[in-house]
Amino acid sequence: TLLLYTTLFRSEGDHAFAILKFLLGPERPYPNLFDSHPPFQFDGNFGGANAIAEMLVQAWDDQVMPLPALPSAWPSGALKGVRLPGRVDADLAWRDGRLQTLALTCATDRSVRVRYDDKITPLDLTAGKTVVFRA
């Protein structure tokens, strides 16, 4: 898991995807996603889902980074209803490897900065209202 997070910080989506495929390979989990070897492994059993989310959106403090480690195997797609730190809910969609929209909804008023394409865009979030960032 540490290697996977190190990979994510360097924004190497294809490398992170290769590690994820190993984690979820046919010899590793059962169909119910429990590990196929004792003892029960929380990082192996639940880390895969978190790794996928972190490949698609990351957040620290007041920064939100969509698609920090998007692998070429997922050129288009969407993620809905992921909870970020600070009680911020995010939905995002991408096409041809590029962010299309990032919708943020927060339970409280707060400011965030969206970091995408080497640009930082400040956004003010109002409790209960959705703000859509378009790349």
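By class, the residues around the largest cavity divide into six nonpolar, one polar and three charged, and I should say at once that this is a predicted model, so please hear everything that follows as computed from that model. The residues that line this largest cavity are Ala59, Asp61, Asp62, Gln63, Val64, Leu84, Pro85, Val88, Arg110 and Val112. As for elements, those that contribute two or more residues to the lining are E2 and strand E6, which spans 110-116. The space inside the largest cavity comes to about 40 Å³, and a search of the whole structure finds one cavity of 30 Å³ or more. For anyone who wants the idea behind such a search, rolling a probe the size of a water molecule over the atoms shows where empty space is left.

Let me step back to the overall layout. The protein has three helices and eight strands, and along the sequence these follow the pattern α-α-α-β-β-β-β-β-β-β-β. Of the 135 residues in the protein, 37% are buried.

The strands bring us to the sheets, and I will take the one containing E2 and E6 before the other. This is an open sheet of four strands in the order E1-E2-E6-E7, with mixed pairing. Strand E1 (57-60) and strand E7 (119-125) each have a single partner strand and stand at the edges, so one side of each is left without a neighbour in the sheet. From one strand to the next, the twist averages 25°.

Within that sheet, E6 and E7 pair in the antiparallel sense over seven bridges. Two of the residue pairings can be followed in E6 and E7: the bridge partner of Ser111 in E7 is Asp124, while Val112, which also appears in the cavity lining, has Leu123 as its bridge partner in E7. The two strands form a hairpin with two residues between them, and in that turn Asp117 has a positive phi of about 55°.

The other sheet is also open and has four strands, here in the order E3-E4-E5-E8 and with antiparallel pairing. At its edges stand strand E3 (77-84) and strand E8 (130-134), each with a single partner strand, so that one side of each is left without a neighbour in the sheet. Neighbouring strands of this sheet are turned by 15° against each other on average, with direction ignored.

Which strands are joined by eight bridges? They are strand E4, covering residues 88-95, and strand E5, covering residues 98-106, and the two run antiparallel. In this pairing, Val88 has Cys106 as its bridge partner in E5, and Val88 is also one of the residues that line the largest cavity.

I will finish with the aromatic side chains, where the structure holds one aromatic pair. Phe17 and Trp74 form this pair in an edge-to-face arrangement, with 5.4 Å from centre to centre and 80° between the planes. Because Phe17 lies in helix H2 (residues 13-23) and Trp74 in the loop between strand E2 (63-66) and E3, the pair ties together parts that are 57 residues apart in sequence. Is Phe17 buried or exposed? Phe17 has a relative accessible area of 19% and therefore counts as buried, although, since the cut-off for buried is under 20%, I would quote the value of 19% alongside the label.

Methods:
Residues numbered from 1 in each chain as written. Predicted model: local features only at pLDDT ≥ 70, side-chain atom pairs only at ≥ 80, totals over all residues. Heavy atoms only, no water. Pairing = 2+ DSSP bridges. Axes fitted to C-alpha atoms, helices over the stretch in contact; angles between N-to-C directions. Phe/Tyr/Trp six-rings, centres within 6.5 Å; stacked < 30°, edge-to-face > 60°. Buried < 20%, exposed > 50% of the residue type's maximum accessible area, 1.4 Å probe, protein only. 1 Å grid on protein atoms, 1.4 Å probe; cavity = no way out; pocket = protein on both sides within 12 Å on 5 of 7 lines; lining within 4 Å. Points joined across faces, edges and corners; volume = space filled by probe spheres on them. Nonpolar A, V, L, I, M, F, W, Y, C, P; charged D, E, K, R; others polar.
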